[in-house]
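Welcome, and please take a moment to look over the model below. A short briefing on it comes right after.

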Protein chains: 2
Amino acid sequence: MTSKRDAHSVALGAGREFDAIRLLLERWGVRATGIGDDAAVLDLPRGDSLVASVDAAVEGIHFERDWLTPREIGYRAVAAALSDLAAMAARPVGVLIALGLPDDWHNDLEGIGDGIGDAVDYAGTRIAGGNISVTRLLSITTTVLGSVYAPLRRDALRAGDTLYVTGRLGGPRAAIRELRAGRVATPVYRERFARPRPRLREALWLADRGATSAIDISDGLVADLGHLTAASGKLSIEVELSRLPRIDALEPLDAAASGEEYELIVGAPQTIDTQLFERTFGLTLTAIGTAGASGDGVMLHLNGERVANPGGYDHLSL
Amino acid sequence: MTSKRDAHSVALGAGREFDAIRLLLERWGVRATGIGDDAAVLDLPRGDSLVASVDAAVEGIHFERDWLTPREIGYRAVAAALSDLAAMAARPVGVLIALGLPDDWHNDLEGIGDGIGDAVDYAGTRIAGGNISVTRLLSITTTVLGSVYAPLRRDALRAGDTLYVTGRLGGPRAAIRELRAGRVATPVYRERFARPRPRLREALWLADRGATSAIDISDGLVADLGHLTAASGKLSIEVELSRLPRIDALEPLDAAASGEEYELIVGAPQTIDTQLFERTFGLTLTAIGTAGASGDGVMLHLNGERVANPGGYDHLSL
C-alpha cells in the first residue's frame, strides 16, 4: 500500500486508486503503520522460521455479493487466509492485501476495509502492505506471514496418533444451501459462514500439548482427513460419523462434507485434555478417531455401518 | 499451491484448477519444491529482518494481451514485484504467486509458468506458494519475500547526498507508445518493456558501497524522485535532463517520465565509483544530482533552462 502506482493504471483512474488507498489507511490507522516504503520490514522472533501462504477470495467464485455484507466479505477473506497459519501453529506477523476493486464496489470500500481490519484485530496482527488494481470482479488476495519454531505439518501424522477436531461442523454448508435456494440463512449457520474464526491461539495451545500434525478444514472434514492421511504416507483413519461434533441437528454426512469451516484437525501421539481445551477456549475439541497403518485412507461408518466414502469433494460438494 | 481448493470453486471447475496446479508444478520443478502444506516454511539468515511486498499485474490495466507473449507476461509480473526487494537492497527468499486464470488463457498457462520460472531463476530464488482462481481477466499477484540486515529506505535521503540512477531510461515508454499506435515495437525498446531486470545484485553492491536510500523507477524518474525527496522530509533535487542516461536518442523528458523501468535511484552520502559499477555489471550508473535542503522538491533543467516540473505522472503519463 505504497503511494506508488503503476504506469498504465493512470488512464484508468489512478486518482481513484490513491483515494482508495488513503481511505483504507485512514480506517486501518495504527493497524497499518510503517507502510510507505517499497516493501515492509518485519522482525521475527530469533530462531523462528518464516511461514507464508497466499489465498484469494473472488466474487462469484468464493462468495456471492448478495450473501454477505462488504464488512463480512473483507473479514472472511482475511480470516480464511489466516487459518493457514493456524494449521501450522504459526503466530501471525503481518498480512499483505492485494485488492481488485471494480467501479461498482467503490462505495463499499469502507466496509471491506473495516472487515479486513476486524480479521487483523482478531489475529492480533498488522497490515504490512497492499496493492489496489481496477478489476471487473471484486477480489481480495491475502498473503499471510507468520513465525514458528516447530510447525505442525500435514506429513507428520503417524499410525497410532489420535485425531481431534475443533468446534462443531456443518454451519457453512447449511448456510450456503439456504442462500443458494434464495432463503435467509439461519443465523447460527450464517454466522459460521460469514465469520469463520481462524484457530490461531487454539493451535498454539494444541502444539504445546503434543499435537504434531494439522490441517484446517477448507474442503470438508472427510476431504481434509484424506489430504492429511495421504501427505503422511498413506495411512488410514476410521471415522464414526454419528460422533462428529455438529451444529444443531445437522446430518452427520453434511457435517463431514462441509467446507470453509476453518476448524482444525490435529493429530497427536498423546492424549489431549479435551475438557481443559473446552474450558480454555469455550470451544469443543473432539477425538474423532485413530490413525492406522493400513493405507486405506478415510473409512466412514454411520452407527456402526460402513458407508461409502463420498470421494471427498466432488460428490458432496456444496 | 497446495492441493486444497475452495469449497465454491468446484462447481466452476476445480478439476481444471488442479490440472493447472499440476502443470505449473511440473514446469517449475525444483524451483517450487517444499509446496504441499498449508503454508511454506522459510528460514532467514540469523539477524536479518523480513522484507515483504505485494504487486499485481492485471490484463488490460498493466499489460495488453497482444503486446507480450505469455512467457513475457509471467516474467514481467514477477520481475516487477522483485524490483521492490531491490529497492530495499534485500535478498529474495521466495515468492508466492496468486494467479487469476480465465478460461481463454488456459492454453497459455505453460508459457506464463515458464516466464514466472525465468524471473525466479534470474533472482536466484524459489516459488514458496501459490493459489489459482477462475477470473474474467488474467491477473498475476506476486508476493515477494526477502531478507535484509540494513535496508535502503525511501526516507533516508539527506541533504548533500548524491543521487545515482542505474541503466538507461526511456525504453518502456517508447515501446508502449509504439504498441499503442498499433506498430511493432522497436526491439531495443521492447526488450526493456518486456524483460525488465530487477536490480537485486546491483542494489546489494550499492548498499555495500555507501548507498543509504533508494527507490525503484516504476512511475518515472521525476515522479519517483519526488516520492524519495518527499519521504525524506521535503528535500530538493535539481536535475539537468540533458545528462540523463537514455536509450538511443530518446528525448530527455520522455526518459524522465518513462515508468516501469525498474531501474534504481539511490542516494549516498559518499561518492560511488560509477566506472567500477559499470565494469562489474555491464550497466551504467549515473550521478544525476545532489539532494538539497530547500524543500522545493524536484526541479528540472534542460540545457541550463528551467523547465516546468511535469507534476510527475498524470501529465507525462503513458
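Here is a guided look at confidence, symmetry, the largest pocket and a few local features. Please keep in mind that this is a predicted model. Its overall scores are ipTM 0.91 and pTM 0.92. Chain A can be laid on chain B by a turn of 180°, and the largest pocket takes its lining from residues such as R46(A) and R46(B).

**Confidence**
- Chain A has an average pLDDT of 90, and 92% of its residues score at least 70.
- Residues 2-13 of chain A are a stretch to treat with care, as pLDDT stays under 50 there. The model nevertheless gives these residues 52 contacts beyond four places in sequence.
- Residues 311-318 of chain A also have a pLDDT below 50, with 21 contacts in the model beyond near neighbours in sequence.
- Where pLDDT is low, predicted coordinates should not be read in detail.

**How the two chains relate**
- A turn of 180° with a shift of 0.0 Å along the axis places chain A on chain B, with an RMSD of 0.0 Å. This is the relation of a two-fold axis.
- Of the interface residues of chain A, 100% are also interface residues in chain B, so the copies meet through the same surface.

**The largest pocket**
- The space in the largest pocket comes to about 260 Å³.
- Its lining from chain A consists of D43(A), L44(A), P45(A), R46(A), G47(A) and D48(A). From chain B come D43(B), L44(B), P45(B), R46(B), G47(B) and D48(B).
- Sorted by class, the lining holds six charged, four nonpolar and two polar residues.

**Both ends of helix α9**
- In chain A, helix α9 spans residues 274-281 and is capped at its N-terminal end by D273(A). A side-chain oxygen of D273(A) lies 3.1 Å from the backbone nitrogen of Q275(A).
- After α9(A) comes G282(A), with a positive phi near 65°.
- In chain B, a side-chain oxygen of D273(B) reaches to within 3.1 Å of the backbone nitrogen of Q275(B), at the start of helix α9.
- G282(B), just after α9(B), has a positive phi of about 60°.

**A closer look at V307(B)**
- V307(B) belongs to strand β12 of chain B, which covers residues 305-307.
- Beyond its neighbours within four places in sequence, V307(B) is in contact with L241(B), L300(B), H301(B) and L302(B).
- The C-alpha atoms of V307(B) and E240(B) are 9.8 Å apart, while 67 residues separate the two along the chain.

Definitions and conventions: Residues numbered from 1 in each chain as written. Chains lettered and ligands numbered in written order. Predicted model: local features only at pLDDT ≥ 70, side-chain atom pairs only at ≥ 80, totals over all residues. Heavy atoms only, no water. 1 Å grid on protein atoms, 1.4 Å probe; cavity = no way out; pocket = protein on both sides within 12 Å on 5 of 7 lines; lining within 4 Å. Points joined across faces, edges and corners; volume = space filled by probe spheres on them. Nonpolar A, V, L, I, M, F, W, Y, C, P; charged D, E, K, R; others polar. pLDDT = per-residue confidence, 0-100. Contact = heavy atoms within 4.5 Å. Polar contact = N/O pair within 3.5 Å; in protein donor to acceptor, adjacent residues only side chain to side chain. Helix = DSSP H or I, 4+ residues; strand = E, 2+ residues; numbered from the N terminus. Least-squares fit on C-alpha atoms with pLDDT ≥ 70 in both.
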